[in-house]
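Trainee: Could you walk me through this one? I'd like to learn how to read strands, a ligand shell and confidence scores.

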Amino acid sequence: MTTTSERSASSTGQKTREIDAVVVGAGFAGLYTLHKLRGLGLSVQVYEAGDGIGGTWYWNRYPGARVDVKSMYYNYSFDPELEQEWEWTEKLPPQPELLRYINHVADRFDLRKDVQLRTRVTAAVYDESAARWRITTDQGEVVSARFAIMATGCLSAPKMVEVPGIETFRGRSFHTGNWPDQEVDFSGRRVAVIGTGSSGVQVIPLVAETAEKLTVFQRTANYVLPAGNHAIDPEFQRDIKSRYREVRKANRESSFGIARPEATTGALEVSEDERNAFYRAVWEDKDSELVSMLTGYTDTLTDEAANETAAQFIRDRIAEIVTDPAVAELLQPSGLFGVKRPVLGTDYYATFNRPNVRLVDVSATPLTEVTESGLETTQESFEFDDIIYATGYDAMTGALDAVDIRGRGGAALREKWADGPVTYLGLAVAGFPNLFTITGPGSPAVLSNMLVSIEQHVDWVADAIDTMRSKGVTTMEARADAEQEWTRHVGEVGDMTLYPKVDSWYVGSNVPGKPRVMYAYIGGVGAYREKCDQVAADDYDGFTLAR
Ligand code: NAP
């Protein structure tokens, strides 16, 4: 390992800065990585494409954006003072509050000085002779680092619609994941929203309040549960803060990174009345959580008949809220519940009762073109002033594929992953020594409270680097057999659930041509953490450590 001081090398005549670690991305993952590695005495450079820090919470500034994990659980746990001093204001914090929080963390731990904004990493190429990563940015900078840490986010490569003409539209275009910095006024305008996933469900009710006319283009109806957001109960905040260590431990050992009472019965083992009483309690409880409906019974995610009981309960609620029966029917999902990302919404279904809102079913009449003045479907031409693309992301691998990552022998990561990502623990890849992917494909990541998974990965990587240093090890590299076995396991555990049965970004089916595999590990964050800890305890079993 290099020393912690920065030096200059000049193998090619051009000066290349040498540091210990490059971190790509300054969201929650990248900033915590910087803090941890700095604590080990490493020299670290973080590159961030945005004008500001915050990652997801920097880019997703659309009206209504908020996290759907409770604020008290969706924050860093690494510093007891930080978790005590920050006061959350809402059950589910909105984007501006999350951005304030992350900026507070950056200032508190003096992180900004090692973050270079407005800089996109374009390539990371492994130099075998030097055992270092050569990182290139779009600012023409080249830096050499012992470690390359990809904290590029799971949902950070926006996806547009696959129809021609997007650039020809003469009105204003927005993607929810790349929203402008300043407030956007929709009053008096004819607005289209394409997409009814988490982002669309959040933005639609707010745009409907001001737009003259809002047309929602829905391809697949989603199950939307009431967010039940409210000002945080001060007593709840005090209580959690008074026992944060115990709360954090329980979250880390849970399935989804949010501790819940363990279900003991299947949905079909109880009477219909009992089942519906449970679903109604979750639906009406202002303190329920996204996972409440998923984890109430043992078999919701594994048995189609059990799943259908929850699905039907939600369909019935939609029919109660939406006054036009034809619109209600379109909004009622027909597929499995919860295995395509379930969504929390505020007044979502009621929005379709407004006279200025129209729902267009693009599964029956697909979009064919974006025109100068609006959108075309197979049946109709629409004129708009604004189009909002709430069309999601090339999830899990999109942001990694966007960087030209080349390992041993110049092999490209995107080619290695042509049939789907192959990783060891979602953290490391054979042929790419000292490259770590924070919440990478094959880890629980998006199937968990992201903050729990981010901290677990960053802590694990920092411990690994510290161990390497103490043992005089230069490189750590996943073994091909270990990553094959892990990737097989990720798929096998996925196949024990209903997830692969449904089209969703969890299996890559939202991006044409993307391999259909399970992109995240559904084995649970608790079990996954144990596995990672065991690997470390067994002298990094499955990795090759070289001096
Ligand atoms: P998404 O869940 O992938 O939804 C994209 C939507 O766009 C879907 O309704 C999709 O229809 C539609 N769509 C895509 N291409 C289309 C096309 N060519 N024609 C018509 N419709 C098209 O994306 P997202 O809403 O941005 O959410 C992504 C993930 O980000 C979420 O699942 C969640 O994990 C995270 N997120 C979380 C929050 C939160 O915490 N509250 C908020 C926003 C996002 P199909 O379903 O038919 O593909």
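Mentor: Sure, let's begin with one residue in a strand. Val125 has Arg134 in E6 as its bridge partner. Keep in mind that this is a predicted model.

Trainee: Which strands does that bridge belong to, and in which sense do they pair, parallel or antiparallel?

Mentor: When reading a pair of strands, look at the sense and the bridges. Strand E5 (residues 121–127) and strand E6 (residues 132–137) are antiparallel, with 6 bridges. They make a hairpin with 4 residues between them, and in the turn Ala131 has a positive phi of about 55 degrees.

Trainee: What is the bridge partner of Val125 in E18?

Mentor: That partner is Arg406. Here E5 pairs with strand E18 (residues 404–406) in the parallel sense, over 3 bridges. So follow Val125 both ways: Arg134 is its partner in E6, and Arg406 is its partner in E18.

Trainee: And how many bridges join E6 and E7?

Mentor: There are 4, and E6 pairs with strand E7 (residues 142–150) in the antiparallel sense. For an example, find Ile135, whose bridge partner in E7 is Val143. This hairpin also has 4 residues between its strands, and Gly140 takes a positive phi near 80 degrees.

Trainee: Now the ligand. Which residues come nearest?

Mentor: With a ligand, start from the residues around it. There are 26 of them here, and Arg66, Ser199, Arg219, Thr220 and Lys340 come nearest. By class, the shell splits into 10 nonpolar, 9 polar and 7 charged residues. Helix H5 (residues 198–210) contributes the most, with 3 residues.

Trainee: Which atoms of the ligand do polar side-chain atoms of Gln202 and Arg341 lie close to, and at what distance?

Mentor: For Gln202, a polar side-chain atom is 3.0 Å from a nitrogen atom of the ligand. For Arg341, a polar side-chain atom lies 3.1 Å from an oxygen atom of the ligand. Trp505 has a side-chain N or O atom 3.0 Å from an oxygen atom of the ligand. As for cover, the ligand alone exposes 910 Å², and the protein buries 89% of that.

Trainee: Last one: what is the mean pLDDT of the chain?

Mentor: The mean is 95, and 97% of the residues reach 70 or more. Over residues 1–12, though, the pLDDT is below 50, and that stretch has 27 contacts in the model beyond near neighbours in sequence. Where pLDDT is low, the predicted coordinates shouldn't be read in detail.

Definitions and conventions:
Residues are numbered from 1 along each chain as its sequence is written. Side-chain values use heavy atoms; hydrogens and water are left out. A residue is near a molecule or strand if one of its heavy atoms lies within 4 Å of it. A polar contact is a pair of N or O atoms within 3.5 Å; within protein, one must be able to donate a hydrogen and the other to accept it, and residues adjacent in sequence count only if both atoms are side-chain atoms. Accessible areas come from the Shrake-Rupley method with a 1.4 Å probe; for residues, only the protein chains shown count as cover. Helices (H or I, at least four residues) and strands (E, at least two) are DSSP runs, numbered from the N terminus. Ala, Val, Leu, Ile, Met, Phe, Trp, Tyr, Cys and Pro count as nonpolar, Asp, Glu, Lys and Arg as charged, and the others, Gly among them, as polar. pLDDT is the predictor's confidence in each residue, from 0 to 100. Contact means heavy atoms within 4.5 Å. Two strands pair if DSSP finds at least two bridges between them.
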